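Here is a friendly walk through one protein model, for someone meeting it for the first time. Have a look at the sequence and the structure, then read on.

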Amino acid sequence: MEGLVIKKNANLFSVEDFDTKQIVKIHASGKTQESGIFVGDKIFYADVIEKVFERKNILIRPPLANLDKLFIVLAPSPKPDFVLIDKLIVYCQVKGVQPFLVVNKIDKAPQMFVKNIKKIYNKVAQCLFVSAKNNQIEQLSEHIEGICAFAGQSAVGKSSLINCLFSQQLAQVGNLSKKIGRGRQTTRLVQLFSYNKGYIADTAGFSMLDLSFVTELEPRELSSYYPDFLKARAECKYRSCLHESGGDCGVIKAVQKGQISVERYQNYLKILKELKDRKKY
Ligand SMILES: Nc1nc2c(ncn2[C@@H]2O[C@H](COP(=O)(O)OP(=O)(O)O)[C@@H](O)[C@H]2O)c(=O)[nH]1
Ligand SMILES: [Mg+2]
Ligand SMILES: [Zn+2]
């Protein structure tokens, strides 16, 4: 039988069976336990978990496998940290995760704010506009499919959005499932909650994704994780260019022509500097 690991508690795993959708609690064989089993793993089981299927990706902190979509939440306040947002997008590009920008608190977002986000990110990630306060979350709920997680600065409204999604689902289903009363997650455990066609990872015990590997990239690699730089990179005349300077740098030319957003480029330089500084030690 095959299923999805939705929860892990020491050596006891909660597995949702792919066919029956029933949740079974089982242990792992010595061999699979040794090689590691993560929430998000697709597994083969009989009396115990016997095999872990090949993973699409794996995150270590929070421990989660096979992440499909990352919802990067931002809001007019607190003021967005665009360097952080761009690092999260790089993270997604490296891991093969589809990024979304979830602009929350549109109930109090000036028109200019919304316009600006669209302008900066239109070639990078799909932007969704929502308000947890007003229960305006359709754009978000319709994109939940596969294994999904939320990230973003503190106080942008991640918990509010997740609560809003589940309270709407509960209202539709009309029964008080186990999903409610999750309370405050104090332990550093991750759990998947089914939602529509997918799952939402509760990563509340982690204030932020571990972005350390982003700052450990080779400086030269960085621009390859910028989908909006792709065309300009191909037109860059310099070999192994970092796109920092030079009259024939395709990326700089594209910025000057308005084909690449100035904000994205300036923040690229900041992240690049971080990578280069790290390399010096
Ligand atoms: N105006 C407004 N406030 C919101 C919205 N969503 C969340 N908030 C408020 O923003 C604050 C932080 O929300 P929270 O969900 O705890 O953010 P988290 O730290 O990202 O989990 C709380 O005071 C929420 O009431 C929204 O859509 N509009
Ligand atoms: Mg929270
Ligand atoms: Zn260049």
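In the hairpin of strand 2 and strand 3, five residues lie between the strands, and lysine 21 takes a positive phi near 65°. Helices (H or I, at least four residues) and strands (E, at least two) are DSSP runs, numbered from the N terminus. Strand 2 (residues 12-17) pairs with strand 3 (residues 23-26) in the antiparallel sense over four bridges; two strands count as paired if DSSP finds at least two bridges between them. Valine 15 stands opposite valine 24 in strand 3.

A word on the source: this is a predicted model, in which local features need pLDDT of at least 70, side-chain atom pairs count only at pLDDT 80 or more, and totals for chains, interfaces and linings use all residues. Residues are numbered from 1 along each chain as its sequence is written, while chains are lettered from A and ligands numbered from 1 in the order in which they are written.

The hairpin belongs to an open sheet of five strands in the order 3-2-1-4-5, with antiparallel pairing. Its edge strands, strand 3 and strand 5 (49-52), each pair on one side only. Neighbouring strands of this sheet are turned by 45° against each other on average, direction ignored. Such angles run from 0 to 180 degrees between N-to-C directions, and the axes are lines fitted to C-alpha atoms, for helices over the stretch in contact.

There is also an open sheet of six strands, ordered 10-9-8-11-13-12, with mixed pairing. Strand 10 (126-129) and strand 12 (191-195) are its edge strands. Here the average turn between neighbouring strands is 30°, direction ignored. Helix 2 (residues 82-95) packs on this sheet, touching strand 8 (69-74), strand 9 and strand 11 (145-151), and its direction makes about 175° with that of strand 8.

Two further strand pairs can be set side by side:

| Strands | Sense | Bridges |
|---|---|---|
| strand 1 (residues 2-9) and strand 4 (residues 42-45) | antiparallel | three bridges |
| strand 9 (residues 98-103) and strand 10 | parallel | four bridges |

Glutamate 2 has phenylalanine 44 in strand 4 as its bridge partner, and valine 103 has phenylalanine 129 in strand 10.

Which residues are closest to ligand 1? Lys133, Gly157, Lys158, Ser159 and Ser160 are, in a shell of 14 residues (C-beta atom, placed from the backbone, within 6 Å). By class, the shell has three nonpolar, six polar and five charged residues; Ala, Val, Leu, Ile, Met, Phe, Trp, Tyr, Cys and Pro count as nonpolar, Asp, Glu, Lys and Arg as charged, and the others, Gly among them, as polar.

Definitions and conventions
Contact = placed C-beta atoms within 7 Å.
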